[in-house]
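Grab the viewer and work through these exercises one by one. Each task comes with a worked solution, so try it yourself before reading on.

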Amino acid sequence: MQLISETAVDGRPGPGFPLAWPVLDGVDMTDIRKFGDGQPWGDFARLRAEAPVMWHSETRHGGPGFWVVTRHADVMAVNGDPETFSSQRGGILMAQGRPEQRHALLYRASMDAMINLDGGNHLQLRREHMPYFTPSYLRGVTEKVRGEVTRLLNEMADKGECDLVENFSAVLPLFTLCEILGVPPEDRPKFLKWMHYLELAQNMAGEQATAGLTPTLELMQFIADFNSNVEEMFDYGRHMLHKRRLDPKADLLSAIARAKVEGEELSDEFLDGSWLLIVFAGNDTTRNTLSGSMKLLTEFPEQRAKLIANPALLPGAVNEFIRMVSPVIYMRRTATRDAVINGQTIAEGEKVIMYYGAANRDAEVFANPDQLIVDRPNADKHIAFGYGPHTCIGKRVAQIQLEEAYRQILARFPDMRWNGDIDIAPNNFVHAIRKLGVSFSPERKAA
Ligand code: HEM
């Protein structure tokens, strides 16, 4: 299979056609500092209302500009037409950066993965993953998740105050993913470290660019730690996948290791890419939704009360949590031909970026979109998991974890609340909550 990292193009400069919508002052989706307080909901509302398909000049990475798409119907249209809007031509990330700016290993692995494939090769590789995402397989996973939630809450029970991320949200998705992958328990703590550095990758690139030739000692140390962790993560993945190729087990690692596309096993580049995709997509998104849901329940106490009074609302409420948090901020596509979205002609080769959080707060679809409504009748119309051939393969895995977590949290700690302490990574791709302080009445130990 051709390497995407060697064939992808970072879009045409553009815009190739006259603008149908204005360019809004002050909207800069490449300014990662803006995302350190959460997503720019105010900008999203302006964009949906005044410029739903807005041309955005590339201001920071020095590459081509892109189209910002924010309305629900338009995001669905782009996602639903993979022949016109390709994942493979330029990958799903906003910018590839100049070769000298890239982290070579991370760049290659972020490109050579199924999320960036189109057509038959994508379907084939996705099919190889599927046995580990079917309802019958996930029934067993649900039991294990339930047990892990209980164990984690038991450990927190007498604290009264703690960081929910460290004690819970970072640990549960890692446990679940490692169970599905088949990673031995003793190796799992390493994943926590790797996630920490991956979430800060964008921030580091920004600081490096600002520092130019005079980085501080602190930055140099961080870069060295970053590089050694990234290398360790790929070394471990390659080691495990090759081990499973020789000695397969009934786990997702073996399915990836033995997957065949175009009649051949995956190259080392695609093994690295598949490893990075599953480790990042499977962990980070659910972690941030677990934490974000607690923040929402604190901000909307009457909705918490409603859920506690009627736990049968939980599966729908979980969809509502995911709609409101929308932890994946955007996905990118590249136009394979001239096409029109909401009156704007996009030229072949131009980049189109879909903002899921913006689409999920579109009042055309969701009444009072900024309100958490645990019994919202159409919460399942959210598109936080994407739409079309690349729709999240782990959707049910995420929902299971959120349901099991909040069923037990609300039953055992009905007054658990975010206490105002929060730390969000400056990152415009994933909404990454690194710390969320919570307070609650400790459970009394049985005498
Ligand atoms: C709340 C949690 C999650 C959210 C919001 C989320 C979001 C998404 C989105 C938006 C996509 C679509 C990408 C595109 O259209 O280009 C995606 C794809 C993907 N997700 Fe998730 N995800 C979540 C949890 C998970 C979990 C738990 C796993 C694995 C255990 C996972 C694995 C993947 C993979 C492998 C893909 C690529 C699918 C493909 O290319 O066919 N995700 N996810």
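**Exercise 1: the core**

Which residues have the most contacts inside the largest nonpolar core, and how many residues does that core have?

Solution. Keep in mind that you're looking at a predicted model. Start with the count: the largest nonpolar core holds 110 residues. Next, pick out those with the most contacts inside it: Val69, Val352, Ile353, Met354, Tyr355 and Tyr356. Then ask who contributes: helix α13 (residues 268–299) brings the largest share, 11 residues. Finally, zoom in on valine 352. Skipping residues up to four places away in sequence, valine 352 touches Phe66, Trp67, Val69, Val78, Phe85, Arg332, Arg333, Ala335 and Ile346.

**Exercise 2: the ligand shell**

Work out which residues of the shell come nearest to the ligand and which helix gives the most to it.

Solution. There are 26 residues around the ligand, and Gly282, Thr285, Gly386, Cys392 and Gly394 come nearest. Now sort the shell by character: 17 are nonpolar, 8 polar and 1 charged. Then map the shell onto helices. Both α13 and α17 (395–412) supply at least two residues each, and α13 gives the most, with 7 residues.

**Exercise 3: a mixed sheet**

Find the strand order of the sheet of 5 strands, then say which strands stand at its edges.

Solution. Trace the open sheet as β1-β2-β10-β7-β3, with mixed pairing. The ends of that order are β1 (53–56) and β3 (85–86); each has a single partner strand, so one side of each has no neighbour in the sheet. Follow β3 to its partner: β3 pairs with β7 (residues 330–335) in the antiparallel sense, over 2 bridges. There, serine 86 sits opposite threonine 334 in β7. Last, add the helix: α3 (residues 72–79) packs on this sheet, touching β1, β2 (66–69), β3, β7 and β10 (351–355), and its direction makes about 130 degrees with that of β10.

**Exercise 4: an antiparallel sheet**

Now do the sheet of 3 strands: what is its order, and which helix packs on it?

Solution. The order is β4-β12-β11, an open sheet with antiparallel pairing. Here β4 (161–163) and β11 are the edge strands, each with a single partner, so one side of each is left without a neighbour in the sheet. On average, neighbouring strands are turned by 10 degrees against each other, direction ignored. β11 and β12 share 5 bridges, and arginine 417 stands opposite serine 439 in β12. The helix is α13, which touches β11 and β12; its direction makes about 40 degrees with that of β12.

**Exercise 5: three loop residues**

Is histidine 431 buried or exposed? Then do serine 326 and asparagine 342 in turn.

Solution. Locate histidine 431 in the loop between β11 (417–424) and β12 (433–439). Histidine 431 has 23 C-beta neighbours inside 10 Å, so it counts as buried. Its contacts beyond four places in sequence are Gly38, Gln39, Asn288, Val325, Pro327 and Ile329.

Serine 326 lies in the loop between α15 (314–325) and β7. Serine 326 is buried because 25 other C-beta atoms lie within 10 Å, and its phi is positive, about 40 degrees, although it is not a glycine.

Asparagine 342, in the loop between β8 (339–341) and β9 (344–346), also isn't a glycine yet has a positive phi of about 45 degrees. With 14 C-beta neighbours inside 10 Å, asparagine 342 counts as partly exposed.

Key:
Residues numbered from 1 in each chain as written. Predicted model: local features only at pLDDT ≥ 70, side-chain atom pairs only at ≥ 80, totals over all residues. Core = buried A, V, L, I, M, F, W, Y, C linked by C-beta atoms within 7 Å. Buried ≥ 20, exposed ≤ 12 C-beta atoms within 10 Å, placed from the backbone. Helix = DSSP H or I, 4+ residues; strand = E, 2+ residues; numbered from the N terminus. Contact = placed C-beta atoms within 7 Å. Near = placed C-beta within 6 Å. Nonpolar A, V, L, I, M, F, W, Y, C, P; charged D, E, K, R; others polar. Pairing = 2+ DSSP bridges. Axes fitted to C-alpha atoms, helices over the stretch in contact; angles between N-to-C directions.
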